[in-house]
Structure formats: structure tokens, C-alpha cells
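Visitor: Please take one loop residue and look closely at its surroundings, and then place that view among the helix packings and strand pairings of the rest of the chain. I would like a connected account rather than a list.

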Amino acid sequence: MTTKNTIVIIDDEPQIRKVLSIALESSDFKVVEAENGNNGIVQTATNHPQLVILDLGLPDRDGLSVIKELRSWTDIPIIILSVRNSEEDIVKALDSGADDYLTKPFNTSELLARIRANIRRMQQSANEEIFTNGNLSIDFSSRIVKKGNKEIELTNTEYLLLALIAKNIGKVLTHSYLLKQIWGPSSVENTQYLRVFIGQLRKKIEDDAANPKYLVTDSGVGYRMILIG
């Protein structure tokens with residue numbers, strides 16, 4: 001069982017841990033700090049946090065191995081906070097099991113927003129039938145999608161794609177993950193195909209498809225749904 005409002009920070013830079021701790025504690029989170037990967041795993045197992053913030057460049061082991069070990073026994077959200085900013089590094093981390101990725105230097109307000117979105121996603125019951133975000137709603141039992149009080153007509157593929165992204169609200173889903181889940185393993189390279197369907201969804205659910213507020217692009221990586229309100 002996770003401990004309410006507890007976040008584990010795994011980072012070897014004392015100054016970063018201090019900045020994060022101040023920001024998180026001012027937002028009513030309890031903070032547990034770890035200066036390396038092995039201690040971070042121990043602290044996560046001991047404190048049962050709601051979320052882990054993880055640096056990839058740790059002194060004792062690579063952050064990717066920490067993600068994989070955590071994922072072997074927990075599904076709590078993991079947000080990467082790292083100086084590594086290449087698309088390859090970001091995709092590797094997300095495909096290894098991380099839920100989100102921010103690069104240093106970071107914006108504290110954005111980090112807090114990502115934390116809230118990931119915690120909200122985890123708090124939603126797996127059996128929850130009605131999803132709401134802003135004025136968008138999805139009834140998973142009847143597969144009815146509404147914007148306000150107006151029902152939106154979606155194709156089967158559009159619905160499956162929207163439902164998958166909504167169930168992972170706040171989480172960056174890579175191109176390869178979305179393609180594999182919706183179209184199968186043989187389609188993981190068809191990113192253009194995915195862009196077409198995302199474009200169609202935006203035309204139907206966004207107020208302005210050119211400036212989406214629900215389905216946003218993480219350039220070169222994938223897509224995620226923004227928490228509204």
C-alpha cells in the first residue's frame with residue numbers, strides 16, 4: 001500500500017534534492033531523499049511512496065537499471081529528472097517503465113503539474129467506468145465519448161487510441177508503445193500512421209486542433225493527455 005503524499009527523490013546532487021524538497025514540502029508532500037540508486041530502491045520499498053523522482057546519472061548504477069528493478073515489483077509513477085535530453089535517452093527511459101521525463105534545468109510549476117497528473121492517474125480505479133477531464137468524458141462501459149453534453153462520434157480505432165491515452169493521463173506514451181498496443185508489434189515503425197489518427201482525434205475533441213489542450217505532443221517521443229483543472 002502506498003503512503004499518501006510521500007515522494008522519494010533519487011538524485012546524487014544535494015542542491016537538486018534541496019530545491020525539490022522545498023518545492024514539494026510547500027505543496028504538502030512528505031519527501032524522502034536518496035543519494036544513489038541502491039538506497040533509492042530501499043527507500044521506495046520502505047516508505048511506499050505515491051511517486052518517485054529519479055535522476056539517470058547516479059554514482060552507483062545507471063538510472064535505467066533502477067527503473068527496471070522498481071518495475072519488477074511496483075507500478076507507482078516514476079518521473080525522470082535528468083540532464084540527458086536526447087530523444088534516444090528519453091525514449092529508452094519511458095520504454096523501460098518511466099512515466100514521465102523532464103530535463104534539467106526544470107520548471108518547478110511544470111514538475112508539480114506532472115506529479116499531480118501522475119498521482120491522479122494512479123488513484124483512478126482500474127474498474128472506473130466514467131473518465132472525466134475538463135469537459136471531456138469517456139464512458140468506458142458504453143464507449144460513449146462526450147465533449148460537454150455533446151456526444152462525439154469516433155471510429156473504433158480512434159476510440160481505442162483515446163481510451164488508452166486517457167487511462168494513462170499525465171503519462172508520456174511513446175510512439176512504439178501506442179503503435180504496438182493499438183496496431184500490433186509489426187506496426188511499431190509506422191509513426192506517420194499514428195500522427196494521422198492523433199490529428200483526427202484532435203479535430204474531434206479539441207477546441208482548436210492546431211493548439212491542443214488535451215492531446216499534446218512530446219516531440220520525437222510520443223503523446224500524453226494533459227490534466228485539465
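**An arginine in a loop, and the elements elsewhere**

Guide: In this predicted model, the side chains of R61 and S65 are joined by a polar contact of 3.0 Å. The side chain of R61 also makes a polar contact with that of E69, here at 2.8 Å. R61 itself belongs to the loop that runs between β3 (51–54) and α3 (63–71). If neighbours within four places in sequence are left aside, the residues in contact with R61 are G37, N38, I41, L56, V66 and E69, so that E69 appears both among these contacts and as a polar partner of the arginine side chain. G37 lies 24 residues from R61 along the chain, yet the C-alpha atoms of the two are separated by 6.2 Å.

From this loop we can turn to the helix packings. Helix α1 (residues 14–25) packs against helix α5 (residues 108–123) at an angle of about 60°, and their axes are 11 Å apart. The two helices are therefore oblique to each other, and their crossing is right-handed. On the α1 side the contact is made by L20, A23 and L24, which meet T108, L111, L112 and I115 of α5; by class, this contact has six nonpolar residues, one polar residue and no charged residues.

A second pair of helices can be described in the same terms. Helix α7 (residues 175–183) and α8 pack at an angle of about 80°, with 10 Å between their axes, which makes α7 roughly perpendicular to α8. Here H175, L178, L179 and W183 in α7 meet T191, Y193, L194 and F197 in α8, and the residues of the contact divide into six nonpolar, two polar and no charged.

Helix α8 (residues 191–205) also leads to a sheet, since it lies across β11 and β12 and runs at about 145° to β11. That sheet is open and has three strands in the order β10-β12-β11, with antiparallel pairing. Because β10 (173–174) and β11 (215–218) stand at the edges, each with a single partner strand, one side of each is left without a neighbour in the sheet. Between β10 and strand β12 (residues 222–225), which run antiparallel, there are two bridges, and L173 stands opposite Y223 in β12.

The remaining strands to consider are β7, β8 and β9. Strand β7 (residues 136–139) and strand β8 (residues 144–147) pair in the antiparallel sense over four bridges, with D139 opposite I144 in β8. Their hairpin has four residues between the strands, and R143 takes a positive phi near 60° there. Strand β8 is in turn joined by three bridges to strand β9 (residues 150–152), and this pair likewise runs antiparallel; the bridge partner of K147 is K150 in β9. In the hairpin of β8 and β9, which has two residues between the strands, it is G148 that takes a positive phi, near 65°.

To return to the residue with which we began, R61 sits in the loop between β3 and α3, and its side chain makes polar contacts with the side chains of S65 and E69.

Conventions: Residues are numbered from 1 along each chain as its sequence is written. This is a predicted model: local features need pLDDT of at least 70, side-chain atom pairs count only at pLDDT 80 or more; totals for chains, interfaces and linings use all residues. Side-chain values use heavy atoms; hydrogens and water are left out. Axes are lines fitted to C-alpha atoms, for helices over the stretch in contact, and angles run from 0 to 180 degrees between N-to-C directions. Angles under 35 degrees count as roughly parallel, over 145 as roughly antiparallel, 65 to 115 as roughly perpendicular and the rest as oblique. A crossing is left-handed if the near helix is turned anticlockwise from the far one by less than a right angle, and right-handed if clockwise. Contact means heavy atoms within 4.5 Å. Ala, Val, Leu, Ile, Met, Phe, Trp, Tyr, Cys and Pro count as nonpolar, Asp, Glu, Lys and Arg as charged, and the others, Gly among them, as polar. Two strands pair if DSSP finds at least two bridges between them. A polar contact is a pair of N or O atoms within 3.5 Å; within protein, one must be able to donate a hydrogen and the other to accept it, and residues adjacent in sequence count only if both atoms are side-chain atoms.
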